[in-house]
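Load the model in a viewer and keep a selection tool at hand. The stops below go from one selection to the next.

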Amino acid sequence: MEFSPFNPVIKLCLQGMGFEDKGMPEEAAQLFLQAWEKGSDDHEKFLAAHYVSRHQKTTADQLKWLETSLEFALKINDDTVKSALPSLYLNISKCYEDLRDREKSKKNAELSLLLKNHPSDKGSFYHGTKADLQIGDLLTAGGNSNYQSELKMNHIYFTALTHGAGLAAALAKGDGAERVYIVEPTGNFENDPNVTDKKFPGNPTRSYRSEMPLKIIGEITEWTKPGSEDLQRFREKLDNSKGEIIN
């Protein structure tokens with residue numbers, strides 16, 4: 001299932017997070033419960049239960065909701081959901097630690113670490129840029145960030161979603177045409193920590209990075225391009241962002 005902000009359950013979760021940002025936890029909790037009640041499939045139930053867990057008054061209740069979220073997540077054969085499993089297991093581990101069940105805490109912590117270091121996504125993978133490249137070319141780390149031009153990046157970034165690569169192409173420096181290439185990692189890769197477990201659990205944008213080169217194996221010519229208004233809003237958001245890039 002591809003992440004979509006237009007999904008009604010995700011919309012409720014976004015509204016709830018807005019109340020959290022305003023310091024209004026009771027209003028947020030009500031919206032998350034509405035999302036849970038409105039959830040009609042395993043993915044929506046997994047997501048809503050995750051947020052409901054954040055507003056429980058006892059560790060036991062928080063654990064109950066986290067394990068409910070995990071139960072639905074494990075039913076879904078989807079890389080977007082699988083990317084949330086490390087944080088789910090880690091939060092469950094912390095609950096068991098608070099409840100003094102060291103054996104279950106250790107077991108869940110080990111599962112979290114194992115899954116964190118081995119992303120399950122098999123692609124296809126894409127990289128957006130304005131560079132004119134050929135099949136067989138290698139993309140390597142060491143370029144300047146599109147978001148902080150003075151920062152030299154230690155990784156090369158890519159995604160499994162074509163519209164995400166298209167957005168990266170639109171934001172890329174240069175005057176060339178926007179290009180989205182099909183790429184193949186030549187070594188290990190990891191979830192992009194700049195987007196993983198931020199607003200949403202896991203890595204819903206299926207964004208990754210690697211210290212090893214990416215090999216160009218093809219190009220796509222049709223993808224969903226961001227509208228001018230959406231692109232301008234995204235650029236303004238980046239300009240106003242005070243967060244640091246995890247490099």
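At what angle do helix α4 and helix α6 pack, and how far apart are their axes? Select residues 59-73 for α4 and residues 85-98 for α6: the angle is about 155°, and the axes lie 10 Å apart. The model is a predicted one. Since angles over 145 degrees count as roughly antiparallel, α4 and α6 are therefore roughly antiparallel to each other. The crossing in which α4 passes α6 is left-handed.

Now show the side chains of this pair. On α4, pick Thr 59, Gln 62, Leu 63, Leu 66, Glu 67, Ser 69, Leu 70 and Ala 73. Their partners on α6 are Leu 85, Leu 88, Tyr 89, Asn 91, Ile 92, Cys 95, Tyr 96 and Asp 98. Coloured by class, the residues of the α4 contact with α6 come out as ten nonpolar, four polar and two charged.

**From α6 to α7**

Keep α6 and add α7, residues 102-116. Between α6 and α7 the packing angle is about 160°, with 8 Å from axis to axis. This pair is therefore also roughly antiparallel, and α6 passes α7 in a left-handed crossing.

The α6 side of the contact consists of Leu 85, Pro 86, Tyr 89, Leu 90, Ile 92, Ser 93, Tyr 96 and Glu 97. These meet Lys 104, Ser 105, Asn 108, Ala 109, Leu 111, Ser 112, Leu 115 and Lys 116 in α7. By class, the contact of α6 with α7 divides into nine nonpolar, four polar and three charged residues. Tyr 89 of α6 appears in the contact with α4 and again in the contact with α7.

**Two backbone details**

Go to the loop between α6 and α7, where Arg 100 sits. Arg 100 is not a glycine, yet its phi is positive, at about 65°. Next, follow the chain to the loop between α7 and β1 (125-129) and select Ser 124. The peptide bond from Gly 123 to Ser 124 is cis, with omega near 15°. As background for both details, most residues other than glycine have a negative phi, and most peptide bonds are trans.

**Back to α2 and α3**

Select residues 25-38 for helix α2 and residues 42-53 for helix α3. Their axes are 8 Å apart and the packing angle is about 155°. That makes α2 roughly antiparallel to α3. The crossing of α2 and α3 is left-handed.

Which residues of α2 meet α3? They are Phe 32, Leu 33, Ala 35, Trp 36 and Lys 38. On the α3 side, show Glu 44, Lys 45, Ala 48, Ala 49, Tyr 51 and Val 52. The contact of α2 with α3 has eight nonpolar and three charged residues, and no polar ones.

**The cavity**

Stay on α3 for the last stop. How many cavities of 30 Å³ or more does the count give? There is one, and the space in the largest cavity is about 60 Å³. Ten residues line the largest cavity; His 43, Phe 46, Leu 47, Thr 80 and Pro 204 are those nearest its centre.

Which helix gives the largest share of the lining? That is α3, with three residues. Add α5 (79-82) to the view: α3 and α5 each supply at least two residues of the lining. By class, the lining of the largest cavity has eight nonpolar and two polar residues, with no charged ones.

Methods: Residues numbered from 1 in each chain as written. Predicted model: local features only at pLDDT ≥ 70, side-chain atom pairs only at ≥ 80, totals over all residues. Heavy atoms only, no water. Axes fitted to C-alpha atoms, helices over the stretch in contact; angles between N-to-C directions. Helix = DSSP H or I, 4+ residues; strand = E, 2+ residues; numbered from the N terminus. Parallel < 35°, antiparallel > 145°, perpendicular 65-115°, else oblique. Left-handed = near helix turned anticlockwise from the far one by under 90°. Contact = heavy atoms within 4.5 Å. Nonpolar A, V, L, I, M, F, W, Y, C, P; charged D, E, K, R; others polar. 1 Å grid on protein atoms, 1.4 Å probe; cavity = no way out; pocket = protein on both sides within 12 Å on 5 of 7 lines; lining within 4 Å. Points joined across faces, edges and corners; volume = space filled by probe spheres on them.
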